[in-house]
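Subject: A structure for you to look at

Hi,

Here is the structure I promised to pass on to you. Have it open while you read, and I will walk you through what turned up.

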Amino acid sequence: MRYLIPLLMIMFQTSLSGQICYWQQHVDYQMEIDMDVDTHQLTGTQTLEYTNNSPDTLYRVFYHLYFNAFQPGSMMDIRSLNIEDPDSRVADRISKLQPDEIGFLKINSLLQDGIEVEHFTTGTILEAKLSKPILPGATTSFDMEFHGQVPLQIRRSGRDNAEGVSYSMTQWYPKIAEYDYMGWHPTPYVGREFHGVWGDYEVKLHIDKSYIVAATGYLQNAEEVGHGYDKSKSKSKSERESEGKGKSKSKSKSRKDKITWHFKAPMVHDFMWAADPDYQHVTAQVTNGPKLHFFYIADSATDNWEKLPEYTVKAFAYMNENYGQYPYQKYSVIQGGDGGMEYPMGTLITGHRSLKSLVGVTVHELIHSWYQGVLANNESLYPWMDEGFTSFVSEEVMDYLFEERSEPHPQINHFNAYINLARSNKEEPLSTHADHFNLNAAAVTAAYSKGAVFLRQLIYIIGENNFKAGMLRYFDQWKFKHPQPNDFKRIMEKESGIILSWYFEQWINTTKTIDYGIQSVEGQDNQTVIVLERDGDMVMPIDLQVNYTSGSSQTFNVPLRMMRNHKPLGDMKLADPWPWTYPTHQLVLDIPSDQIESVEIDPGKQMADVNRDNNYYGSHNKKKQGG
Ligand SMILES: [Zn+2]
């Protein structure tokens, strides 16, 4: 008994800690939107049931009013005018918007449990001071009336994009900011990106009858709206052509000639929609997976869009098998926006592309359903967790779809992009807030490429099987939540038995670079002493390949001592662990030096070594060119 009670207490605390440490807020949105396609303005009502699962009492709440970014003088405008390398899609375009082209969201009234709430708006953020604080565990109801104007499409959302899509409706409604263990996130909309509260959305959209709507969520009244939602077969080319003639995005239509589109989306953290009178709507079914919906405007790119479903089905099947089951029954690939942007249960992409580019952007965005859609990391703070992970997996899926094999591994282009950035002196740590990088190019290369390198090097450190099992475990444990970098680290440590804090800390929080070299290879009696040196500040374990004059070779794995373990060795031989403070480390081989042809650090280029010239030693001082 003396032993049992403390033991039980420890077990009790341990089993609870997982639940107590993590909490997340919950929202239930109900919105009714009336869209005027003549003025591009909308009016809406929003009922938001907000549940405070935090241990804190909330005295105020914040809403994002993203459309306000598209006004001359907005933070997004000024940022774009001042940054050295502006996004060409934005450039100075916001500064030139006319009053009927700007975006805005205005709040006509805001009530909390029936009582008016004091609120004010600065830029893209509304702040409401609550007369009735929200206690831990309490649910409160906000009722809002708002009206807005859809901006001319500049970045992501807006009307009349470059490819003629009428409405790309993303970041379009008053959206409550997330409150998590870090506190509030009332991040002004400057460029990138998003963090939202998990919950359920119900949206009723009244819009001119001639428009076809694509959206997050499940359509509740398919038979009423028609447009292919009630049947899965696509229209024939001749049907489309005859329909296309005589069709115009008519301004003469009566405003009363509207129809209601009713969508429900359970457990998502955002809601988007898009609409155009000329959308073709095609569907395809993934076996044991979602039904896919494709919306595009028939034009020169139609042939590629007709081939897209087949690739998308294969990509979903691959993802379900290798990275966890997509948890919704629907996914939409929608022509719209200005490139590609991920949203819950769908994406908006531009459509005038070659087949491979169209498939590439679709694959990238659908993989975001895993990395950010379901594993909803804060995109502003950890863009590498969504863009890096997505880029990494995209390379693998594209190789699979097009039956190609990138050498020496699918991530090699990301390695090269990262190394160029690291050598440029423009690099900032991956932990930099996505909007706070000095250069857009540095932000993009860090999030996408250094993020992809992060995962490929993780394979190098812990081994491929541990990595794959860890990715599935990460999905399983953190789906429908907000994982942080440390949550991912702990899972990979549990899966591999390898301590990884050094890797996460250095790769994410610093710009230290990897450079290992071979200092010397010398014979001593019947042995050979190989001395490795660490020339860069970033530490890594080493795979060292020794090629013998006989033609055979042997790879040695040199773990870091602080890893407290090593990856599964396979054919490799384990060398003494390297205590990282030692600038050099030696391996003694029981082989005379004249039997050694060459020695190479990491010949598979699995480590982003910024200087590979010193990675190779050849006998007779023959030096191979670094690659
Ligand atoms: Zn992306």
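Ile 334 stands opposite Leu 348 in strand β23. The model is a predicted one, so please keep that in mind as you read on.

Ile 334 belongs to a pairing you can trace by eye: strand β21 (residues 330-335) runs parallel to β23, with four bridges between them. Strand β23 also pairs with strand β22 (residues 340-343), this time in the antiparallel sense and again over four bridges. In that second pairing, Glu 342 is the residue opposite Thr 347. Strands β22 and β23 make a hairpin with two residues between them, and Met 345 in the turn has a positive phi of about 65°.

Now look along β23 itself (residues 346-349). Which way do its residues point? Gly 346 and Leu 348 point one way, Thr 347 and Ile 349 the other way, and all are buried.

Next, the nonpolar core. The largest one has 187 residues, and Trp 172, Trp 261 and Trp 273 are those with the most contacts inside it. Helix α10 (residues 440-462) supplies the largest share of this core, twelve residues. Try selecting Trp 172: leaving out residues up to four places away in sequence, the residues it touches include Met 31, Phe 67, Val 203 and Trp 273.

There is plenty to see among the aromatic rings too. The whole structure holds 48 aromatic pairs. Why does the pair of Trp 384 and Phe 389 count as tilted? The ring centres are 6.2 Å apart and the planes meet at 55°, so the pair falls in that class. Both Trp 384 and Phe 389 are buried.

Phe 389 also pairs with Phe 454, and that pair is stacked, at 6.5 Å centre to centre with 20° between the planes. This pair links distant parts of the chain, since Phe 389 sits in helix α8 (residues 383-401) and Phe 454 in helix α10, 65 residues apart. Phe 454 has a relative accessible area of 0%, so it counts as buried.

Ring pairs join these residues into a cluster whose members include Trp 384, Phe 389, Phe 454 and Trp 507. Over the ring of Trp 507 sits the charged end of Lys 450, 4.7 Å from the ring centre. Likewise, Lys 481 lies over the face of Trp 478, at 5.7 Å from the ring centre.

Finally, zoom out. The domain assignment gives domain 1 (21-197), domain 2 (401-509) and domain 3 (516-621). The centres of domain 1 and domain 3, taken over C-alpha atoms, are 54 Å apart.

Enjoy exploring!

Technical notes: Residues are numbered from 1 along each chain as its sequence is written. This is a predicted model: local features need pLDDT of at least 70, side-chain atom pairs count only at pLDDT 80 or more; totals for chains, interfaces and linings use all residues. Side-chain values use heavy atoms; hydrogens and water are left out. A nonpolar core is a set of buried Ala, Val, Leu, Ile, Met, Phe, Trp, Tyr and Cys residues joined through side-chain atoms within 4.5 Å. Buried means under 20% relative accessible area, exposed over 50%, partly exposed in between (1.4 Å probe, protein chains only). Contact means heavy atoms within 4.5 Å. Rings of Phe, Tyr and Trp (its six-membered ring) pair if their centres lie within 6.5 Å; planes under 30 degrees apart count as stacked, over 60 as edge-to-face and the rest as tilted. A charge sits over a ring if NZ of Lys or CZ of Arg is within 6 Å of the ring centre and within 35 degrees of the ring normal. Domain bounds come from an automatic or database domain assignment. Two strands pair if DSSP finds at least two bridges between them.
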